[in-house]
Each structure stands twice: as structure tokens, then as C-alpha cells.
Amino acid sequence: MSEKSGNKSLGNFFSEFSKMSGPDKRRTVTDVIFNNAMYIVIVLAIIFIAIRVPAFLSVSSIVNIISLTAARLPIALGIGGAIVLTGTDISAGRAVGLTACIAASLLQTVTYPNKLFPSLPTLPLWVALLAVMAVGAIIGLVNGFFVAKFKLHPFIVTLSTQLIIFGAVLMYLMIGNNNGQTLSGLDPSYTNFVKGTLFKVGGVAVPRYVLYSLIITIIMWVIWNKTTFGKNMFAVGSNEEAANVSGVNVFRTIVLVFVLAGVMYGITGFIEGARIASCSANTGLNYESDAIAACVIGGVSFVGGTGKISGIVIGVFLLQIIFVGLNFLSVSANMLYIIKGLIILIACAIDMRKYLVRK
Amino acid sequence: MKNQTQNTPNKDNIYSKVKISVKALDLIITCGIALLCALIAVSVS
């Protein structure tokens, strides 16, 4: 149905375009090019990388890109909600780090000599998962409460919580005789649950967390599009006062968006804990910048009230393609930071342009 | 799906006080992309 309507609207666009005068046509073409500049650049970059390093389009490389996308998707879906509310969440990466360390510490093998909690038996996976989701939810609750109650900007609130969480991670890793060492020696049931083979494509294993990420994406799509909470979130993001006058509980909506984001960080931490299999205080570092970049590339506007789950998925996917591609080109890790920053700046400028043209 | 693209004008949003023309933004975006491409080209060579 949506594909049909998409074709119809595309048909309408072309029929209207053919009726336009010369200057209007030029302006329309300019708008289309500039509004989709980031996608065009990324597609051109993919073509360039594929020509230079043909292995970039091999099955193992594509599976790797999909796996990385799946691992980073839940955090981006969480931050996307905060951006829809014209906010952001820079505590996300540290929240992922904390939850990853908690999940890893609860699910270390009993026989591991450097076990963080030596007397702790092997816990069921669902207990650890619920624990990290709860920790994430508490972080989100604190963020949401301060943003909604005191009308503080999410940037400053989440900056504070980021520092608090980092301190908490460092202290957590000092428990017992661990002395800040990385957490490894994970229980095989945990690593198998997350990294086990879902199926194979051309002999390359697709990990299970791709499926979990898909399920989370579907759940988030339903929450954003088919629930009253989702509609309220877009209403508050578009115009908080108008939403308030319309009877939307703005406080509850903002808090719930941040709690939901926190739960997403918990799930990301659970997946990351097993995926990297060695959690330290640096786990989750800068994850939020990747997630914010992915959201902005995917069309989640900082103006508020605009964004799609599909856009976020595409944003994360394109960003991972670029990062993997640049690795294939042997671009230095230092340069990657500059490129990431530029991508965010350009994406924000494009977002701003769209807003000004609409106005 | 409508709720995803509702664009109720929000007079208090973060861009409402921005005094910048679309042309200036086009220039910024073009320069940014050119810089991005140049950086990648320099890194690869």
C-alpha cells in the first residue's frame, strides 16, 4: 500500500515538475540535490571504495556491515526519541558502557579466576538482561525528570549524567580485587545467546543479535507510530505548548521518551558486552556521537517533531558503510574522527536548510 | 504515518531566530562536502 502511494507521489512529482517553468525547475532540482546531498555523497563514496577495493562488496564485508549496524541500532533508536523532542542525549555512550560492564560482571563463568563477584553463581540470562534494562531505565528516568521538571536543556542534563555514569563505571570496575581491569571470561551461554550463528550466507555466519535488533526496531516502530505515547512524542517535539493545551501530559511524555531511550542503552550494553567480550571503562566511548550522526543523516530533525524509524535504520547503515569503507581504504583512525565530525556538521546544515526552505 | 511528518510551525524552536539565507547554507554544505571529499582523498593517497 505504502509502495503504491510512494509510486503515486513520485508520479505526481514528475508530472508537476514537467509543468514547471525554467527557474522553478532549477530551484526544485537544487532543492532535491541539496536536501539529499548526504545520501548522494555516501552513495558516491561507496562506489569509489568498491572500485578501489573490490573486497568491500564481498559477502563477509556486507555481513560485517549489517552486524555492526545491528549492534549500534538500539542506541540510535533511543537517542532518536530524544532528538524528536528537540533534545539530545550525550550520556548514551557511557550508559552503554555501564550496562555492558554490569551484564559482563553478572555473566562471567564461575571458574574464571578474576571474576568480579567470585561468590555469584551463573545467573539466568533474562535476569542480567532485566538488570541492565532497569539500570538504563533509571538513567533515563533521571535524565527525563530533570529535563521535564526543571525545563533544563537535555544537553546539560545528559552531560552531567554522562560524568556521573563514567565515575560509576570506574568505581564498579574497582570492586573487590578487580582493580579496574577489563571484564572478560564470559559465560558461553551469554556469548552464544548474543553472538551465536543465526544463519549462514555464503559460508559467513550472521550473528543472532541481528535478529534481536530487528525485533527491537519493529517494537520501536510500533511504539512511535501506533501508540498514543508515540503520537504524543511527536506532538511535544513539534510544539510543546500546543501539545500541552491539547491535553498531552508533556512531563510524562518527556520522561517516558528518556526512560525508553535508557532501556535501549541497556539492551545495547547487553549486546555489546558479549560482542566485544572484554568490557572496560572505555566501552561505549563516543557511541552517542555515532548514534546522533546516524539520526541526523536519517532525517530525525533537531527542529523537533520529525523523524522516522526507517530513517534511523538507514542512517546507522550508511554511517557503518562509510566507517567500514574508510577502514578498507586504510584511512587513519585519527582522520575518522574529523570525518565523523564533518558528517554531523553537514547533516545538521542540510537539516537546517530543509527547515528554512519549508518556512 | 502522518504523525511522523507533522510539521506544526513551532515559533519557539531552535532555528526560529537564525538569520541566514538558504544560499549561504548551500555554500556551507558545498564547502563542507568538498572538504570531506578532499580529506578522504588526502587520506587515501
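**Figure 1. Contacts across the sequence of chain A.** Take the contacts in chain A between residues at least 6 apart in sequence: 75% of them join residues at least 24 apart. The model shown here is a predicted one. Its chain A contains 15 helices and 2 strands. Of the 359 residues in chain A, 53% are buried.

**Figure 2. The overall dimensions of chain A.** Measured out along the principal axes, the box filled by the C-alpha atoms of chain A is roughly 75 × 55 × 40 Å. For 359 residues, a compact globule would have a radius of gyration near 21 Å, and the 22 Å of chain A agrees with that. The area that chain A exposes comes to about 16,000 Å², with carbon and sulfur atoms supplying 67% of it.

**Figure 3. A close look at A:V132 in helix α6.** Helix α6 of chain A covers residues 125-150, and A:V132 has its place there. Is A:V132 buried or exposed? Its relative accessibility is 0%, so A:V132 counts as buried. Setting aside residues up to four places away in sequence, A:V132 touches A:T99, A:I102, A:A103, A:G266 and A:F270. For a sense of distance, look across to A:Y355: this residue lies 223 residues from A:V132 along the chain, and 38 Å separates their C-alpha atoms.

**Figure 4. A:T69 and its contacts.** Here we visit helix α4 of chain A, made of residues 59-84, where A:T69 is found. With a relative accessibility of 6%, A:T69 counts as buried, because the cut-off for buried is under 20%. Which residues does A:T69 contact, leaving aside its neighbours within four places in sequence? They are A:V313, A:V316, A:F317 and A:Q320.

**Figure 5. A nonpolar patch on the surface.** Now for the outside of the model. A nonpolar patch is formed by A:V59, A:L198, A:F199, A:V201, A:L211, A:L214, A:I215, A:I218, A:I219, A:W221 and A:V222, which together have about 890 Å² of accessible area. Two elements of chain A, β1 (197-201) and α9 (209-226), give two or more residues each to this patch. The largest share comes from α9(A), with 7 residues.

**Figure 6. A:L211, one member of the patch.** This view picks out A:L211, one of the residues that form the nonpolar patch. A:L211 is found in helix α9 of chain A. Its relative accessibility is 34%, so A:L211 counts as partly exposed; that label applies between the limits of 20% and 50%.

How values were computed:
Residues are numbered from 1 along each chain as its sequence is written. Chains are lettered from A and ligands numbered from 1 in the order in which they are written. This is a predicted model: local features need pLDDT of at least 70, side-chain atom pairs count only at pLDDT 80 or more; totals for chains, interfaces and linings use all residues. Side-chain values use heavy atoms; hydrogens and water are left out. Patches are made of residues with over 30% relative accessible area and no salt bridge: like charges are joined within 9 Å, nonpolar side chains (Val, Leu, Ile, Met, Phe, Trp, Tyr) within 5 Å. Accessible areas come from the Shrake-Rupley method with a 1.4 Å probe; for residues, only the protein chains shown count as cover. A salt bridge is a side-chain nitrogen of Lys or Arg within 4 Å of a carboxyl oxygen of Asp or Glu. Helices (H or I, at least four residues) and strands (E, at least two) are DSSP runs, numbered from the N terminus. Buried means under 20% relative accessible area, exposed over 50%, partly exposed in between (1.4 Å probe, protein chains only). The radius of gyration is taken over C-alpha atoms; the globule rule is 2.2 Å times the number of residues to the power 0.38. Contact means heavy atoms within 4.5 Å.
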